[in-house]
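This report describes how strands and helices are arranged in one protein chain. Please look at the structure before reading on.

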Amino acid sequence: MPIIDVYKAKICVVNKRSLNQGYAAVDNPLFFYSNTRMFLSDCKKGFEELNEEIKKLTNKSITITNGGEINYSEKTGLLSQEKEEIQTKIDPEDLFIGIPKENIPEKMVAMVPSVCKQLRTRGYGIYIESGAGLLSSCTDENYRSVGCRIAETKEELYEKSNIICKVNPPTEEEINKMRQGQTLISFFYPAKNLKLLDLAVKKGINVISMDCVPRLSKAQCMDALSSQNNLAGYRCVIEASNKFGRLLMGQVTAAGKSQPANVLVIGVGVAGLAAISTAKALGAQVKAFDTRKAAKEQAESVGAEFCTVNVDEDAENKFGYANAASQRLIDAEYALFRQLLPETDIVITTANV
């Protein structure tokens, strides 16, 4: 089968029924490229509807023959206009992005040098607080080599930057260092940080909260939350196995045998699927539960036994997230957990409330 590097195209359109992982439980990186557009639909139905829309917009009809040939038929003339591509150059002296050092023991940095290099080629100026990338193995010299400027103090960085990029939510002190019109891009969790949000509003600061980016096809390239949840699910199993005291996998030796650990994962989202995959890879027997019916197929695709309750209720909303469950469903869940927990060695809960 020929391999086509479709990701090299300016725009790549992928037709798929959903973004669910397949049996291999591996995300297709193509789906998350900035030049990829996901067309989620049944193939035949979706392209028939697309063809109708193309007819309306361009007055052209597309037909596909049984032999696979694509024919274009043009009807009465609509004048076509050539699209003019406009590139806007940004003066580095006018717009600077600032990357401060994180205040809590955080090993991540908002931008590594390779990302800074891409932004520099597009004309953005970048300030890095001295030492901001050390815990990510990125030295000040690494940043200088790609054209970044080093700010010796946090005050200097906030004063000279128009946009501040962070990993963790800002502190009250950091908000106070910002001025009206500046933009902050970071995880913010506004529902949990109402005081910080009110302070940012009063100071006239623009806040882009990465944890609030919707999980839509258009926003996939900005979905930092899913990547962190994936790591969290993996880390949960690693931490649990360290505390467990024996191997997760079963063994048969000359001295006897040991049974594999029984793991229960509650919540089969991004973190839950990562936890299931990791526990299975380490040899554990894994069971999973979620209030969303769609999670059954996802959990089973990565090797878990999906547990159900005898309540005909689906807690999934139209955005794919779980709604608040009814008391009847909650009672049924507790009854299920009371049945499962006595024979479970490790319980991992992943619900993001």
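Two strands are taken to pair if DSSP finds at least two bridges between them. The model discussed here is predicted.

## The six-stranded sheet

Six strands line up as an open sheet in the order S7-S6-S5-S8-S9-S10, with parallel pairing. Strand S7 (149-151) and strand S10 (206-209) stand at the edges; each has a single partner strand, so one side of each is left without a neighbour in the sheet. Ignoring direction, neighbouring strands of this sheet are turned by 25 degrees against each other on average.

At the S10 edge, strand S9 (residues 183-186) runs parallel to S10 and is joined to it by four bridges. Within this pair, Leu-184 has Val-207 of S10 as its bridge partner.

## A helix on the sheet

Helix H2 (residues 113-121) packs on this sheet, where it touches strand S5 (96-99) and strand S6 (125-129). The direction of H2 makes about 150 degrees with that of S6.

## Strands S13, S14 and S15

Strand S13 (residues 262-266) pairs with strand S14 (residues 285-289) in the parallel sense over five bridges. Asn-262 has Gln-285 in S14 as its bridge partner. Between the two strands the chain passes through helix H8 (residues 270-281), and this β-α-β crossover is right-handed.

S14 also runs parallel to strand S15 (residues 305-306), to which two bridges join it. Here the bridge partner of Lys-287 is Glu-305 in S15. With helix H9 (residues 295-301), S14 and S15 make a right-handed β-α-β unit.

How values were computed
Residues numbered from 1 in each chain as written. Predicted model: local features only at pLDDT ≥ 70, side-chain atom pairs only at ≥ 80, totals over all residues. Heavy atoms only, no water. Right-handed = clockwise from strand over helix to strand, strands pointing away. Axes fitted to C-alpha atoms, helices over the stretch in contact; angles between N-to-C directions. Contact = heavy atoms within 4.5 Å.
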